[in-house]
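Colleague: Before I use these labels at the bench, I would like to know what stands behind them. Could you take me through the model term by term?

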Amino acid sequence: MQSEMNRLFSGTGLAPTRDFPPINIWLGENSVVVTAELPGVTRNDVTLNLQDDVLTLEGKREPGRQQESVNWQRRERSYGSFSRAVQLPFRIDPDKVQARFNNGILEIELERLEADRPKKIEIRAA
Amino acid sequence: MAQEVRTTDQRTTTTTGSAERPPNRPVFVPPSDIYETHDSIVVLAEMPGVASDGVDITLERRMLTIRGRSAGSEPGGYQRVYNEYVDGDFERVFTLSDNIDRDRIEATLQDGILQVTLPKAETAKPRRIELKTS
């Protein structure tokens, strides 16, 4: 069981999904980072929502505007609306969320809610 | 006008590559749009994670090669716990027709999209031919 869990969470294999955008989740001590591959998407095209420990990414991929009628030779990129809900490992302080775009990769850093953090409990002497 | 040299499924890795690339670093075929206008041919390739200093574009004879090296999206001090994409490099080769003005090719990189604009040579532009009256 433990080794199975280790294998699942070792981060070596790719999770079998075709959802857009593809995401990675990174865990820190009291924070979590979600990165998403969103080439061609700008910050004005994305809406982020946080409900307790569920982060939702919504947006639209728009084809670039061509001034004149063009002759398409190859259309492999896809366009349209996307929406993804990401279950986070703990509850988040909504005031401590930072999101930025970097070369088509969206990075969202979320801090754990103070009240949700593990607390050390002292054992009183009898 | 712009034919692809190697045909590979998208998001699959190609085994060919230069020797200096570290092992285990995947090479992706970037999904691309290509369109032709009156004046030029425009290539748009998706290369998320690639910064402008990681782009390499070469034109050798009629072979246009676009390469992108991902800067890596790994946040410092974090451990990866869930994985749907991996950082890698991008590479694709197209064969162009002869009639490109090679000196005026332009490339830009914005939001992870590489755009290469290949202006047509003057001789290649469509020309209206008038009938002479005899």
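Colleague: What share of the 134 residues in chain B is buried?

Modeller: This is a predicted model, and in chain B 31% of the residues are buried. In chain A, 22% of the 126 residues count as buried.

Colleague: What makes a residue buried or exposed here?

Modeller: A residue is called buried if 20 or more other C-beta atoms lie within 10 Å of its own. Strand β3(A), residues 46-51, shows the other side of that cut-off: the count of buried residues among its six residues is zero. None of the six reaches 20 neighbours, so β3(A) is described as hardly covered.

Colleague: How do you know that β3(A) is paired with β4(A)?

Modeller: Pairing needs at least two bridges between two strands. Six bridges join β3(A) to β4(A), residues 54-61, so the two are paired, and they run antiparallel. One of the bridges sets L50(A) against L55(A). The two strands form a hairpin with two residues between them, and D52(A) in the turn has a positive phi of about 55°.

Colleague: Which strands make up the sheet that takes in both chains, and in what order?

Modeller: The order is β7(A)-β8(A)-β2(A)-β1(A)-β7(B), an open sheet of five strands with antiparallel pairing. On average, neighbouring strands in this sheet are turned by 20° against each other, direction ignored.

Colleague: Why are β7(A) and β7(B) called edge strands?

Modeller: Each of them, residues 92-102 in chain A and residues 79-83 in chain B, pairs on one side only. Inside the sheet, β1(A) and β2(A) are joined by five bridges and run antiparallel. With at least two bridges required, they therefore count as a pair. N24(A) has T35(A) in β2(A) as its bridge partner.

Colleague: What else links strands of the two chains?

Modeller: β5(A) is joined by four bridges to β3(B), residues 32-36, and these strands run antiparallel. Four bridges satisfy the minimum of two, so this is a strand pair as well. R74(A) stands opposite I34(B) in β3(B).

Colleague: How many residues does each chain bring to the contact?

Modeller: Chain A brings 35 residues and chain B brings 34 residues. On the chain A side, β1, β2, β5 and β8 each supply at least two residues. By class, that side has 16 nonpolar, twelve polar and seven charged residues.

Colleague: What makes a group of residues a nonpolar core?

Modeller: Its members must be buried nonpolar residues joined through C-beta atoms within 7 Å. The largest such core has 22 residues, of which V42(B), V43(B), A45(B) and L114(B) touch the most other members. β4(B) gives the most to this core, with five residues. Apart from it lies another core, of 16 residues, among them I23(A), V41(A), L55(A) and I92(A).

Colleague: Which elements does each chain have?

Modeller: Chain A has one helix and eight strands, and the helix comes ahead of the strands from the N terminus on. Chain B has zero helices and ten strands.

Colleague: What part of the contacts in each chain joins residues at least 24 apart?

Modeller: Among contacts between residues at least 6 apart in sequence, the share is 52% in chain A. For chain B, 53% of the contacts with a separation of 6 or more come from residues 24 or more positions apart.

Methods
Residues numbered from 1 in each chain as written. Chains lettered and ligands numbered in written order. Predicted model: local features only at pLDDT ≥ 70, side-chain atom pairs only at ≥ 80, totals over all residues. Contact = placed C-beta atoms within 7 Å. Nonpolar A, V, L, I, M, F, W, Y, C, P; charged D, E, K, R; others polar. Buried ≥ 20, exposed ≤ 12 C-beta atoms within 10 Å, placed from the backbone. Axes fitted to C-alpha atoms, helices over the stretch in contact; angles between N-to-C directions.
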